[in-house]
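Visitor: I would love a close look at one part of this model, with some help finding my way around it. Could you walk me through it once it is on the screen?

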Amino acid sequence: QLHFVESGGGLVQPGGSLRLSCVVSGSTVNYHAIGWFRQAPGKEREGVSCINTRSGSTNYADSVKGRLTISEDNTKNTVYLQMDNMNPDDAADYYCPVSYVPVGVCVLDVSHYLEVWGQGTLVTVSS
């Protein structure tokens with residue numbers, strides 16, 4: 001059974017930075033991608049980035065390109081999300097589900113991801 005622990009969230013001023021971490025444990029073999037999704041109050045869950053754990057290829061939502069960077073450390077079963085030049089639209093709970101769908105470039109469609117979610121990590125952007 002998969003288990004996710006997201007961390008690194010907090011309060012940051014506009015223009016500031018955070019680095020989120022997600023440790024995956026349990027039945028970790030054979031998943032193809034890990035994504036970062038976020039959900040703000042009253043809004044639908046939104047995919048912001050993902051990484052293909054086989055090839056290392058990445059994908060980003062247009063709203064975060066150039067500001068967020070996803071990376072992974074396979075030796076630690078950990079994926080990171082470096083968030084720079086943050087703005088109030090980045091405020092949300094962040095989650096890191098995995099996908100077993102074998103695609104070349106991972107997609108930011110929640111239907112591709114296993115319906116197993118961690119508790120998330122809360123990001124607040126405010127001056």
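Visitor: In which loop is Asn 85 found?

Guide: Happy to help, and please keep in mind that this is a predicted model. Asn 85 sits in the loop between S8 and S9. Its backbone deserves a look: phi is positive, about 45°, although Asn 85 is not a glycine. In general, most residues other than glycine have a negative phi. Asn 77 also has a positive phi, near 50°, and belongs to the loop between S7 and S8. With 31% relative accessibility, Asn 77 counts as partly exposed.

The strands named here also lead inward. S7 (68-73), S8 (78-83) and S9 (92-95) are among the elements that give two or more residues to the largest nonpolar core. That core has 28 residues, of which Ile 34, Trp 36, Leu 81 and Tyr 94 touch the most other members. S3 supplies its largest share, 4 residues. Setting aside residues up to four places away in sequence, Tyr 94 touches Leu 20, Trp 36, Val 48, Leu 81 and Met 83, among others.

For a contrasting asparagine, turn to Asn 52 in strand S5. Asn 52 has a relative accessible area of 5%, so it counts as buried. Its side chain reaches the backbone nitrogen of Arg 54 at 2.8 Å. Beyond its neighbours within four places in sequence, the contacts of Asn 52 include His 32, Ala 33, Glu 72 and Cys 106.

How values were computed: Residues numbered from 1 in each chain as written. Predicted model: local features only at pLDDT ≥ 70, side-chain atom pairs only at ≥ 80, totals over all residues. Heavy atoms only, no water. Core = buried A, V, L, I, M, F, W, Y, C linked by side-chain atoms within 4.5 Å. Buried < 20%, exposed > 50% of the residue type's maximum accessible area, 1.4 Å probe, protein only. Contact = heavy atoms within 4.5 Å. Polar contact = N/O pair within 3.5 Å; in protein donor to acceptor, adjacent residues only side chain to side chain.
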